[in-house]
Amino acid sequence: MFKKVGNKLVGVAISATVAMGFFLVPAGETGYAQGENIQVQLLGVNDLHGFYTSTYTEMIDGVETEIGRMDYLAAHMKNREAENPNTLLVHSGDMIGGSPLVSAAFQDEPIVEVMNAMGFDFGTAGNHEFDEGIAEYLRMVNGGAHPEGKGDEDYAGMDFPNVLANAIDSSTGELILEPYAVTEIEGQKVGFIGVATTETPSIVVRQGNENLEVTDEVEAINKYTEELKEQGVKSIIVLAHNPVDQEGEGGEGSADEIARNIDDEVDIILAGHNHQEVNRTVNDILIVQAYEYGKAFVDVDFEIDPATGDIVSKEAEVVFNVQEGIEPDPKITAIIDKYEAQVEDVRAQYAGDAPFTITGGYGSRGPIGDNGLGNLIADGMAWEMDADFALMNGGGIRESLYEGEITYGDLFDIQPFGNTLTKFTIKGEDLVTVLNTQLSDQYGPDFSISGFNYTWDGDTNTIDTLYDVDGNPLNLDEEYTVVVNNYMYGREAHRMEEFTIGEPEIGPVDVDASFDYIQSFDGPVEAYAEGRYQEVRSIFDDVPTSHWANPFVADLYASDIVKGTTPATFSPGNSLTRVQFASMLVRSLELEAEGTSPFEDTTRLAAQTQEEITAAYENGLIKGTSATTFKPNQAITRGQMVTMLKRAFELETGEQFVVSENDTFTDLGNLDEEAQSAVQWAADYGIVMGYDDLFKPWASATRAQSSKVLSIHNYLIR
C-alpha cells in the first residue's frame, strides 16, 4: 500500500526480518548514469521539546539574528529538499516532552501534526518521549485517544516510523519499538537504527516507566547492524539520543564512545540530548547534532557507491534557522496559529505581579547556594501540601520569572513537565541521607528547599548540620513531612521511597500549585536567595564549620581574597584595618592600578598592597582622611566598610543607588549622607544586620563581619 507523507510517496512493506521496511518509490527517470554514485541528503533535528512557535535572538556570525519557529524551519528544509529528490527528514529524539504550554496543553500532539506535515521519514526516542510513561509514548507513535480525554480524540499518531533498538519492556522482555527500518533510494538500501541514552530510566518519572529498561547502545547497534548486513544493507545511519560536545576538531560525550566501539559499517550518527552544535568525525563516523528548540538543523550529504552499496563520502553542515529572507511554510504557520489561538485563554490567566526578575535553577557552591525562584517554588509546594519541608530539583526550573504581570503561561514555561506533587513522611536522619544524594563533586547541591536550612561540607560533599528556620539544629530523631514532585520521588538515586513512612499523598500538578501560591500573595511576589544552604569547610581552627562566619570565610579563602593570621587561625573577632578591607575589595573585583595614589602614609606598605590601594583610589572605592593621608592601619568602622562596599557595587553594576529614607536603624544621624545611604542600601540587600534597631556604625568591623558582607556582595554581582 502507499500513503502520502508531506511531498513524498512512500511504500510500506512488512517482512519477517524487518518489521518496517520503507522504500522510496522512484518518480520517473533517476537522472543518474550507470555506475554513478547516488547522492543522498539527510536533514535532521533534535531536542525540539515542543518549542515549535518560539523565536530567539542569538548572535550568528557576530550579528544579532532572529532564529527559530518550525514554519521557518520547514521552509528551509523544503528549499534544501528541492535541491535533491533523494532527501530524508529525521530526528534523534526529545521532540516532545518538557514542552511549552502551546504544545503541552494538547499532549504534544501539535508537534506530531507539524512533523507529519513536514514529511518526516524516521525518528527515535529521547528521554523526554517517556515523560508520561511507555504507554503514552506508544500512543503518541501509534495514535488513539488519551485515556483522560486530553488532546484530540481522533489523534492518528505519527505517520513515519520511530525506531528504538535498546528500549525494552521488562514485563515482556520485548523491544518497545522496532529496532530499525530500511528505505530504498535509487535501488540502494539505507538502514536507520535508533538508540536512547542508557541513563533514560534514571532521569524520567518512574510512574508509567516501571518496566522501562534501556540496554547498552553499542551492543544494540552492533546486534542490529549485523542483521542489516545480512540483508545486504551496507549504508547504515544511527539516530542516537546521546550527548556529544565539540571543541575545534575534538570533543567528548557518549556518542564519541559509541562511534569508537561500533561496527565500522555505520557511517553517520545523529546525536542529541545535550543541545550542542556538533559536526565532526570520530573513527571515520560522522557525528552531528543540531543545537536545540528548532534553532538549527543538520544537512548531511552522502554518496552511495551502487556497486557496493556502501557510503563512500559524507559531509555535513549545521544550518541555523534564520528567519530573515525566507517566507515561512504556510501549512506549518496555519498549525501554529490554530493552537496558539486555542491556548490563549489558558495562558492568559492572571496569577500576580513580579517587581523584578526572579531567577532560579540548580543550587550552587558557596555561602549562598540557593536562588530566589527555587525558594519561591519550594515554598509554594510546602504551602500547597501543608508539609513541614519541600524539595525542588534544579532541572525542573526551565525559565526565569520575569518582571511584570505573571500569567499561568509564564509559570508553565518555568515548570513545563506536568509533574504531580508527592508528600511523604521521613525521619530527620533519613532526610540527611536523601540530601546527601543530591550533592555532586562537580556542582555541589541541586535541590531548592523550604522549611529548613543546612550547611554542607565542601571537602566531603556531605551534609554537615540541619537547622530549623530559627537557626536551631533539627531533631534528627523526629518525623517530618516532605513534599517533592513525582519525578524526584521516583528516582531510586534519591532513596525517598526507601525511607518513606506509611503511604505517600499525591497532590496537584506542580505548576498549578505555584499558580495558587502566587495568587495567595497580598501584593507583588518577592523572592530572594537567602543562604538556605551554605558550603562550609574546615580551614581554620577558630572558625569551625559550626561558626556563623565559616561559609563566608571559606568562600573568600577559596578565591584568595582572605588569608589567615596564621596557617591555622583566622582571628575572626579581631578588628580589620582600612587597608585590609580595601585590598579585599580590589582582589574581589580584580582591579589593577594604572598610576600611583596621592597617599604619603602608604609608601612603607608592601608593593602589592600599595598597588591595591592605588587601584581602589583610582576606581573611587576609597577616599583619604586628607588629600595625602589614608591612615591604612586604622581600624575600619562598620560605616566605612559598607560605604566602600556600596561604591564597589555601583562600580561593578554601573548603577547608582540613592536611598532617600533610612527606616531600619536609629543610630545613623551622625553619619554623612553617603554613609547613611550605604548602610540602608546594605540592609535592604540583606548584606548587613544590626543589633535590633541599632547598626553601631562607629564600631570597628571584625574580620568575620567583613568576610560575610564581602562574600554576600560578591554573590550579588556575579
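Is aspartate 94 buried or exposed? In this predicted model, aspartate 94 counts as buried, because its relative accessibility is just 1%, and buried means under 20%. The residue sits in the loop that runs between β7 (87-91) and α2 (101-104). Its backbone is worth a look too: phi of aspartate 94 is near 60 degrees, a positive value in a residue that isn't glycine.

Asparagine 283 makes a handy companion case. Here phi is near 55 degrees, again a positive value in a residue other than glycine. This asparagine belongs to the loop between β15 (277-282) and β16 (285-290). Asparagine 283 counts as partly exposed because its relative accessibility is 49%, whereas aspartate 94 is buried.

Now for the overall picture. The protein chain has 718 residues, and 55% of them count as buried. Its secondary structure comes to 20 helices and 28 strands. Laid along its principal axes, the C-alpha trace of the chain spans about 95 × 65 × 50 Å. For a single distance inside that trace, take glycine 50 and glutamate 492: these two are 442 residues apart along the chain, and their C-alpha atoms are separated by 28 Å. Glycine 50 itself is in the loop between β4 (38-45) and β5 (55-60). Despite being a loop residue, glycine 50 is buried, since its relative accessible area is 0%.

On to the strands. Strands of a sheet pair through backbone hydrogen bonds, in either a parallel or an antiparallel way. One open sheet here has three strands in the order β9-β8-β12, and the pairing is antiparallel. The edges are taken by β9 (174-175) and β12 (212-214); each has a single partner strand, so one side of each is left without a neighbour in the sheet. Strand β8 (residues 167-169) is joined to β9 by two bridges, with the two strands running antiparallel. In that pairing, aspartate 169 has glutamate 174 of β9 as its bridge partner.

A second pairing involves strand β24 (residues 453-457) and strand β25 (residues 462-467), which run antiparallel and are joined by five bridges. Threonine 455 is partnered by threonine 465 of β25, which puts a threonine on either side of the bridge. Together, β24 and β25 make a hairpin with four residues between them. One residue of the turn, asparagine 461, has a positive phi of about 55 degrees.

Charged side chains come next. The count of salt bridges comes to 29. One of them pairs aspartate 299 with arginine 80, with the closest N and O atoms 2.8 Å apart. Aspartate 299 lies in strand β17 (residues 296-304) and arginine 80 in helix α1 (residues 70-83), so this pair ties together parts that are 219 residues apart in sequence. How does each partner fare for burial? Aspartate 299 is buried, as its relative accessible area is 3%. Arginine 80 counts as buried as well, because its relative accessibility of 18% falls under the 20% cut-off.

Another salt bridge brings together the side chains of arginine 280 and aspartate 256, at 2.5 Å from N to O. This pair also links distant parts of the chain: arginine 280 is in strand β15 and aspartate 256 is in helix α7 (residues 254-261), 24 residues apart. Both arginine 280 and aspartate 256 are buried. The pair isn't on its own, either: Asp256, Glu257, Arg260 and Arg280 are joined into one network by salt bridges that share partners.

A further salt bridge has its partners close in numbering, with the side chains of arginine 532 and glutamate 530 meeting at 3.0 Å from N to O. Arginine 532 counts as buried because its relative accessible area is 9%.

Finally, the surface. A patch of negative charge is made up of Glu590, Glu592, Glu594, Glu611, Glu618 and Glu652. One of its members, glutamate 611, is found in helix α17 (residues 607-618). Glutamate 611 counts as exposed because its relative accessibility is 52%, and exposed means over 50%.

Methods. Residues numbered from 1 in each chain as written. Predicted model: local features only at pLDDT ≥ 70, side-chain atom pairs only at ≥ 80, totals over all residues. Heavy atoms only, no water. Patch = residues over 30% accessible without salt bridge, like charges linked within 9 Å, V, L, I, M, F, W, Y side chains within 5 Å. Areas by Shrake-Rupley, 256 points an atom, 1.4 Å probe, with all protein chains shown as cover. Salt bridge = Lys/Arg side-chain N within 4 Å of Asp/Glu carboxyl O. Lys, Arg positive; Asp, Glu negative; His and termini not counted. Charge placed at Lys NZ, Arg CZ, Asp CG, Glu CD. Buried < 20%, exposed > 50% of the residue type's maximum accessible area, 1.4 Å probe, protein only. Pairing = 2+ DSSP bridges.
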